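Student: I should like to examine how the terms applied to a model of this kind are justified. May we go through them one by one?

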Amino acid sequence: MAEEIKPLIVALDTNVFDNANYFYSGLDLGILKQYIDDGVIGELIISDVVVRECKRHLSESAENLVEDFAAKFDSLEWKRASTIGALPSVPEIIDKEAITAGLMKMYDEYLVATHAKIVDSKSVNIENVISDYFNEVPPFKGGKKNGKKKDHKKYEFPDAIIIARLKQIAEESGELRVVSDDPDWKAAFWGNDKVKFYKEIKELFSDITLEEKLGAKAIKYFNDHQAQFNNRIEQMLRMKPVEVFAQVRDRHGDDRREAYDNFDILNIGVSSKIANVDYVGKLTVIITATAFALVELEGMFYNEVVPDDIPRWGDESAEPYYYEMTGLCKEFHEIKFPVQVTFIIKEENIDRMVKADPLLPRKIVLDEATVADRRFIDTEGFYTYKKEYQCECGHKFIVDLMEQVDTTSPDGERNMGSELDHFVFCEDKCPNCGRKYRICGDVYEYPIGTLSLDQTKIEWKNSKENK
């Protein structure tokens, strides 16, 4: 474990729980508990004000959840489907109080499990807080917080009380580790040599495990097995439901955001890098890796069109219109997300990787926020010929050979017309492991618009030459 003279004393702000989404066995709060169980963190300090703020946020989340469910159950779509038995019947009551109580119970159980010390604010000198307020000492500094004007000071006074109490604890204990992403907190503790401040909890984890040899071994093991890890994450992504949104035009020519009715995911390339060593214990090492995925897809655009001879007035619902296919669109979307990776330790070495948990939503949404490139495909003639290839690392990918045509020339006349010879030349590399390849050869089109013969080959360069 980390070489500390004595166990650490750590204090958390409300936003640590908010950022972890109150997921107590997840990336951050689960590892925090492990450090407490191991004795590296000797005491977890939670202000009573933080506890109240967390419980208020949990209550608000329960209320939002109930409203969302009520809106869904009240929808005509749900009621229509429930009448034929395709969905459960609409619940008459969603018990907000029961949900709130359950969330509060889980929060209290986590505080008990981590032996958190809830400190009250009775000993805080209110006169000093009021003096800081009039002198605009952080956290009193005006401006905005989370996009809201701080005129009412309701955001600052709780912070000021917490900070004052934590300063007292730092004086008593000699050293305190504080975790908060609030810049006002950072400003308030600036220059205090008894407080070590972290913007996020992973910075604390990284500090604790900084000198650990097993952490370095885990990083080396990850880098040596990165291709297998990337393949594993790709397969997880392919199993996720995906929704793709495009910019289409309605019957009045106005742009709107609408999901594709039809799209195909062609390729997913995954790369990754170590973001943080979170935990080093006797039996396991846990790291956070950042995964980057490039998703290549083709989607079909449909536009609503009103004929020119139809006047644009009167009852819009009565206007005749039709859908026009504007062709295929190829899109590339970039997403990134953290992955918690767990390794097993055996005889002071990394034995194997046993778990990779990507932090992803149930459904992946690809839209204007994730698009990296978009282009339209001319669908006239023999415009596409896709082939699947597999690298020695196990990664499978699709190449549209007609997009790699270098030259096209006629190859004579036959019974059904001309035969065209498309010479394909493509040099690229496996997006998973980086191994280089070359595809070249001829694709024959006969009759026009139909594949006749494929004489292309793929050549892989030696893996060792790419290292």
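**Terms and the values behind them**

Tutor: Let us begin with Cys440, in a model that is predicted. Its relative accessibility is 25%.

Student: Why is Cys440 called partly exposed?

Tutor: The term covers values between the limit for buried, under 20%, and that for exposed, over 50%. Cys440, at 25%, therefore counts as partly exposed.

Student: How many disulfides does the structure hold?

Tutor: It holds zero disulfides. Cys440 is in none, as the nearest cysteine sulfur, that of Cys426, is 9.9 Å away.

Student: Why is there no bond between Cys393 and Cys433?

Tutor: A disulfide requires the two sulfur atoms to be within 2.5 Å. The sulfur of Cys393 is 3.8 Å from that of Cys433, its closest cysteine sulfur, and is therefore too far for a bond.

Student: Turning to the aromatic rings, how many pairs are there, and what makes Tyr35 and Phe205 a tilted one?

Tutor: There are 15 aromatic pairs. The ring centres of Tyr35 and Phe205 are 5.6 Å apart, and the cut-off for a pair is 6.5 Å. Their planes stand at 35°; stacked would require under 30 degrees and edge-to-face over 60. The pair is therefore tilted.

Student: Which parts of the chain does this pair tie together?

Tutor: Tyr35 belongs to helix 2 (residues 29-38) and Phe205 to helix 9 (residues 201-208), so the pair ties together parts 170 residues apart in sequence.

Student: Are these two residues buried or exposed?

Tutor: Tyr35 has 0% relative accessibility, and Phe205 likewise has 0%. Buried means under 20%, so Tyr35 counts as buried and so does Phe205.

Student: Why is the pair of Tyr221 and Phe343 called edge-to-face?

Tutor: Their centres are 5.8 Å apart and their planes are at 80°. As the angle for this class is over 60 degrees, the pair is edge-to-face. Tyr221 lies in helix 10 (residues 213-224) and Phe343 in strand 12 (residues 322-346), 122 residues apart. Both Tyr221 and Phe343 are buried.

Student: What makes the lining of the second largest cavity nonpolar?

Tutor: By class, the lining has eight nonpolar residues, no polar and no charged ones. Among the lining residues are Leu237, Val242, Ile265 and Ile268. Strand 10 (263-280) and strand 14 (364-366) each give two or more residues to this lining. The cavity holds about 60 Å³ of space.

Conventions:
Residues numbered from 1 in each chain as written. Predicted model: local features only at pLDDT ≥ 70, side-chain atom pairs only at ≥ 80, totals over all residues. Heavy atoms only, no water. Buried < 20%, exposed > 50% of the residue type's maximum accessible area, 1.4 Å probe, protein only. Phe/Tyr/Trp six-rings, centres within 6.5 Å; stacked < 30°, edge-to-face > 60°. Helix = DSSP H or I, 4+ residues; strand = E, 2+ residues; numbered from the N terminus. 1 Å grid on protein atoms, 1.4 Å probe; cavity = no way out; pocket = protein on both sides within 12 Å on 5 of 7 lines; lining within 4 Å. Points joined across faces, edges and corners; volume = space filled by probe spheres on them. Nonpolar A, V, L, I, M, F, W, Y, C, P; charged D, E, K, R; others polar.
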